[in-house]
Amino acid sequence: MIILKSDREIEKISVACRVVVGALKELKKEIKAGITTEELDRIAEEYILSKGAKPAFKGYRGYPATLCTSINEEVVHGIPSKRRLAEGDIISLDLGAIHDGYYGDAALTIGVGKISREAERLVKVTEESLYRGIEEAQPGKRLGDISWAIQSHVEGAGYSAVYDFVGHGIGRNLHEEPQVPNFGASGQGPRLKEGMVLAIEPMVNMGGAATRILDDNWTAVTKDGSLSAHAEHTVAITGKGPMILTIF
Ligand code: MF3
Ligand code: CO
């Protein structure tokens, strides 16, 4: 069942989203060669707690940290560690917070110092695909319109949309129905309605779509070792069109 949210609930989700965005802004300033992903995790957690919110991922199905830090060929769910960022890396920062019973969720991929032109293009296409998907988040359209908009943009650029992980509804739970795949057919799937709130999150691989999970049971990496990027917004479907709640 897809839970529709009232304006009041959307306002509450947007409060959680503002906390997430505030933390991601702080993190962006810290992204440089030499910093560890554990240090980034601590910054994120302190920021979230300082705003009277709580980390959404910590403890979720046993996930051990506040932030997901996925570097280079890591697709999603990289666990913060003593690893230091190096010049030329790309890192996805994925962060969720809960405030007053409602969740917000967002992710972005950032280059560390100077990155290759290929990596830059991957990050750009991933972001663009997110916005292509968001444009379809309108009452009367269908879920598959979002999925196809993402997939077609990604594949048109010569990359692969990841099949193994999907976006999701969000509200009083981090993950609600519907699942929001980054591939699919336009005109298919549930009809989109005012009051739906979706976390849309394309993961894009430079090579093949296949992923595997490392021995830590969390970190997803590309099977072929190719670079991967990720971008995510929490978006409300309203009578006035898509409303990005995790706006910077
Ligand atoms: N943005 C991701 C998601 O919504 C992050 C989840 S990490 C987890 O699925 F630890 F909470 F699983
Ligand atoms: Co998410």
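Reader: Is Cys17 buried or exposed in this model?
Author: Keep in mind that this is a predicted model. The cut-off for buried is under 20% relative accessible area. Cys17 comes out at 0% relative accessibility, so Cys17 counts as buried.

Reader: And what about Cys68, buried or exposed?
Author: Use the same kind of check here. Cys68 has a relative accessible area of 4%, and under 20% is what buried takes. So Cys68 is buried.

Reader: How many disulfides does the structure hold?
Author: A disulfide is a covalent bond between the sulfur atoms of two cysteines. To count here, two cysteine sulfur atoms have to lie within 2.5 Å. For Cys17 the nearest cysteine sulfur is that of Cys68, 16 Å away, and Cys17 is in no disulfide. For the whole structure, the number of disulfides is zero.

Reader: Which residues coordinate the cobalt ion (ligand 2)?
Author: Look for donor atoms at 2.1 to 2.3 Å from the cobalt ion (ligand 2). Along the chain, the donors follow the spacing D-x62-H-x32-E-x30-E. Put names to those letters and you get Asp105, His168, Glu201 and Glu232.

Reader: Is the site of the cobalt ion (ligand 2) octahedral or irregular?
Author: The site of the cobalt ion (ligand 2) has six donor atoms, with angles of 66 to 169° among them. Six donors count as octahedral if opposite donors are over 155 degrees apart and all others are between 65 and 115. Ideal angles for six octahedral donors are 90 or 180 degrees. The verdict for this site is irregular.

Reader: How many residues apart in sequence are the parts that His168 and Glu201 tie together?
Author: First find where they sit. His168 lies in strand β7, while Glu201 is in the loop between β9 and β10. His168 is buried at 5% relative accessibility, and Glu201 is buried at 7%. The parts this pair ties together are apart in sequence by 33 residues.

Reader: Where does Glu232 lie?
Author: Glu232 is one of the residues coordinating the cobalt ion (ligand 2), and at 1% relative accessibility it counts as buried. Beyond its close sequence neighbours, Glu232 touches residues including Asp105, His168 and Glu201. As for its place in the chain, Glu232 lies in the loop between β13 and β14.

Reader: What kind of aromatic pair do Tyr63 and Trp218 form?
Author: A pair of aromatic rings is described by the distance of the centres and the angle of the planes. For Tyr63 and Trp218, those values are 4.9 Å and 85°. Planes over 60 degrees apart get one particular label. For this pair, the label is edge-to-face.

Reader: How many residues apart are Tyr63 and Trp218?
Author: Tyr63 is in the loop between β1 and β2, and Trp218 is in the loop between β11 and β12. Both Tyr63 and Trp218 are buried. The pair links distant parts of the chain, and the separation is 155 residues.

Reader: What about the rings of Tyr163 and Phe183?
Author: Tyr163 is partly exposed at 43% relative accessibility, and Phe183 is partly exposed at 24%. Their ring centres lie 4.1 Å apart, with the planes at 5°. Planes under 30 degrees apart have their own label, so this pair is stacked.

Reader: Which element supplies the largest share of the largest nonpolar core?
Author: In soluble globular proteins, nonpolar side chains tend to be buried together. Here the largest nonpolar core has 27 residues, and Ile146, Tyr159, Leu192, Leu198 and Ile200 have the most contacts inside it. At least two residues each come from α3, α4, β9 and β14. The largest share, six residues, comes from α3.

Reader: How many residues are in the other core, the one with Ala23 and Ile35?
Author: This core lies apart from the largest nonpolar core. Tyr47 and Ile91 are also among its members. Its size is 23 residues.

Reader: How far apart in space are Val197 and Ile13?
Author: Val197 is found in strand β9 and is buried, with a relative accessible area of 2%. Among the residues Val197 touches are Ile13 and His168. Val197 and Ile13 are 184 residues apart in sequence, yet in space, C-alpha to C-alpha, they are apart by 8.9 Å.

Notes
Residues numbered from 1 in each chain as written. Chains lettered and ligands numbered in written order. Predicted model: local features only at pLDDT ≥ 70, side-chain atom pairs only at ≥ 80, totals over all residues. Heavy atoms only, no water. Donors = N, O, S within 2.8 Å, 3.2 Å for Na, K, Ca; no water. Tetrahedral: all angles 85-135°; square planar, octahedral: opposite > 155°, others 65-115°. Helix = DSSP H or I, 4+ residues; strand = E, 2+ residues; numbered from the N terminus. Buried < 20%, exposed > 50% of the residue type's maximum accessible area, 1.4 Å probe, protein only. Phe/Tyr/Trp six-rings, centres within 6.5 Å; stacked < 30°, edge-to-face > 60°. Core = buried A, V, L, I, M, F, W, Y, C linked by side-chain atoms within 4.5 Å. Contact = heavy atoms within 4.5 Å. Lists of a residue's contacts leave out its neighbours within four places in sequence.
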